[in-house]
Amino acid sequence: MAADIAVIGGGWSGMAAAWRLQRAGHMVSLYDEQDRLGGRSASVQLGDRMLTAGGKNIGRKYSAFRSFAAELGCTDWEFFGINSTRSDGGRDRTIDSTRKLSSLFHLLKDIPARDLGRGLRVVRAVRTRDENRFLGGPGLTAMAAKHGDPTLAEYFGPTLRKKLIRSLTVRMNGAEDDEVHLECFGTHLGMVMDTFEQLSSGFGELFEQFGKYVSFRGGTRVTDLEALRGQHDAVVVALPAHAAASLLDPAAQGLAEELRGVRYFPAAVILAEYDRPAFGARERAFVQPAGSPLSNIGAYGVSDRHIVRYTFSGRAHRAAERSDEELIELAEAQLGKQTGRVGARRIAMVVKRWEHAYCGYSRHHSARLARIDRAVNSLDKLELTGDYRRGASIEACFRAGYENADKLLRVL
Ligand SMILES: Cc1cc2nc3c(=O)[nH]c(=O)nc-3n(C[C@H](O)[C@H](O)[C@H](O)COP(=O)(O)OP(=O)(O)OC[C@H]3O[C@@H](n4cnc5c(N)ncnc54)[C@H](O)[C@@H]3O)c2cc1C
């Protein structure tokens with residue numbers, strides 16, 4: 001018999017859970033406090049276009065997400081790449097996703113043998129076993145257990161950190177390398193070792209098609225979980241850990257405490273449109289040095305090089321409050337310096353800030369997840385999913401959403 005199920009959270013984790021449950025023949029209501037789908041990938045308006053300020057790039061290895069998009073008829077993939085240019089001893093070096101080996105050679109040439117060995121072991125684990133691209137992967141969990149799950153700053157020496165690790169952690173989840181633990185590093189590497197694309201028409205069509213199958217109750221903030229459980233046969237909480245904790249407290253205080261132990265890092269993104277391309281054909285992004293509140297300057301797409309995405313994250317961003325005007329002034333000065341293209345006129349801009357932009361996980365994260373699972377198992381017909389389960393990438397959110405929906409399906 002079809003059950004009546006509520007899913008709380010209309011981001012990718014909740015959409016994945018809702019999709020799985022709806023496909024299994026159940027009636028799903030998807031609640032979100034925002035009036036639109038997408039959560040941290042929701043559309044924002046820039047001029048006359050709807051664009052994505054948050055998560056938008058989709059790896060070729062995002063198999064769960066891609067089959068979901070294909071089922072909804074969205075297959076217009078456009079190559080994006082992750083070509084990043086960074087300043088190395090006064091010379092700009094580009095990590096080119098189509099020429100990974102030569103890019104890597106320049107990056108790795110002065111790295112001490114111990115760090116090379118450690119780095120290669122992690123890379124091999126991620127390359128050879130798909131699960132190691134996600135939280136709880138056996139290779140990374142075993143490596144971390146052996147060393148007491150150190151931070152990457154404790155595990156790797158300064159040269160490798162400066163050349164590679166920090167720019168990777170800041171780019172992938174707004175964290176410094178002394179804020180990311182070894183056990184979770186597979187999630188970062190899994191992303192950087194992928195090749196990125198985006199839907200050329202954006203996520204709008206995908207959200208519209210999805211809305212034809214699942215009843216979306218946008219603009220509804222859930223504040224009383226027990227009341228909602230009384231109205232539905234089962235509930236899936238698909239929220240970031242801090243938001244799930246607020247809903248579960250005080251009824252499940254221990255579980256809420258575990259969820260509060262999961263770290264998040266803030267970010268701000270400015271999308272700015274100019275009257276001419278700000279990027280050349282080869283560069284796609286300029287990684288910014290440590291110490292700058294600006295972490296990345298990227299083109300919106302290969303055919304949207306006149307739209308620039310400025311990302312502010314990392315410790316220097318967190319250190320001081322800055323107004324939108326201060327942020328754009330700083331960003332445009334840096335763009336002019338790095339590209340040498342000055343004089344482009346800005347036509348439109350939109351600023352988006354998240355206090356909890358990226359999930360940064362926790363030390364011995366898999367042990368925390370096991371404790372969370374044990375606590376959830378004692379709550380009848382309730383499941384918890386989200387970016388803290390498998391990782392912050394859109395694919396990881398999808399996989400977690402499916403896994404937790406499957407767990408609920410077994411009970412139902
Ligand atoms: C700037 C940025 C760039 C990124 N880039 C990429 C990328 O290129 N590729 C990639 O793979 N990943 C990327 N990510 C990561 C990815 O976008 C996120 O990890 C992912 O979108 C999180 O999805 P989620 O469903 O778990 O959470 P969310 O998207 O946060 O969804 C949770 C939803 O719950 C709602 N909600 C909260 N509380 C309540 C309540 N009490 N009642 C009702 N609703 C509630 C919120 O409104 C929200 O819509 C990026 C993230 C950011 C911030």
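Analyst: A polar contact is a pair of N or O atoms within 3.5 Å; within protein, one must be able to donate a hydrogen and the other to accept it, and residues adjacent in sequence count only if both atoms are side-chain atoms. The model is predicted, so local features need pLDDT of at least 70 and side-chain atom pairs 80 or more, while totals for chains, interfaces and linings use all residues. Residues are numbered from 1 along each chain as its sequence is written, and side-chain values use heavy atoms, without hydrogens or water.

User: What makes the pair formed by Asn57 and the ligand a polar contact?

Analyst: A polar backbone atom of Asn57 is 3.0 Å from a nitrogen atom of the ligand. The cut-off is met, so the pair counts.

User: Which ligand atom do Trp12 and Asp32 approach?

Analyst: An oxygen atom, in each case. For Trp12, a backbone N or O atom lies 3.0 Å from an oxygen atom of the ligand. For Asp32, a polar side-chain atom lies 2.6 Å from an oxygen atom of the ligand.

User: How many residues surround the ligand, and which are the closest?

Analyst: The ligand has 35 residues around it (each with a heavy atom within 4 Å). Ser13, Asp32, Arg40, Tyr62 and Ala392 are the closest.

User: Why are α1 and α2 called oblique?

Analyst: The axes of α1 (residues 12-23) and α2 (residues 63-71) cross at roughly 60 degrees and come within 12 Å. Roughly parallel needs under 35 degrees, roughly perpendicular 65 to 115 and roughly antiparallel over 145; the rest is oblique. The pair is therefore oblique. Its crossing is left-handed (near helix turned anticlockwise from the far one by less than a right angle).

User: Which residues of α1 and α2 meet?

Analyst: Trp12, Met15, Trp19 and Arg23 of α1 contact Phe65, Phe68 and Glu71 of α2 (heavy atoms within 4.5 Å). By class, five are nonpolar, none polar and two charged.

User: What makes α11 roughly antiparallel to α12?

Analyst: Helix α11 (residues 241-248) packs on α12 (residues 253-260) at about 165 degrees, with axes 8 Å apart. That angle puts the pair in the roughly antiparallel class. The crossing of α11 and α12 is left-handed. Ala241, Ala244, Ala245, Ser246 and Leu248 of α11 meet Leu255, Ala256, Leu259 and Arg260 of α12. Seven of these residues are nonpolar, one is polar and one is charged.

User: How do you know that the bond between Asp249 and Pro250 is cis?

Analyst: Omega is about 5 degrees for the cis peptide bond that joins Asp249 and Pro250. Most peptide bonds are trans. Pro250 sits in the loop between α11 and α12.

User: What makes α4 roughly antiparallel to α5?

Analyst: The axes of α4 (residues 113-128) and α5 (residues 138-147) cross at roughly 150 degrees and come within 10 Å. The angle makes the two helices roughly antiparallel. Arg118, Arg121, Val122, Ala125 and Val126 of α4 meet Leu140, Met143 and His147 of α5. The contact divides into five nonpolar, one polar and two charged residues.

User: What is the phi of Tyr361, and where is Tyr361 found?

Analyst: Phi is positive for Tyr361, about 65 degrees, although Tyr361 is not a glycine. Most residues other than glycine have a negative phi. Tyr361 is found in strand β16 (residues 346-361).

Key: Axes fitted to C-alpha atoms, helices over the stretch in contact; angles between N-to-C directions. Helix = DSSP H or I, 4+ residues; strand = E, 2+ residues; numbered from the N terminus. Nonpolar A, V, L, I, M, F, W, Y, C, P; charged D, E, K, R; others polar.
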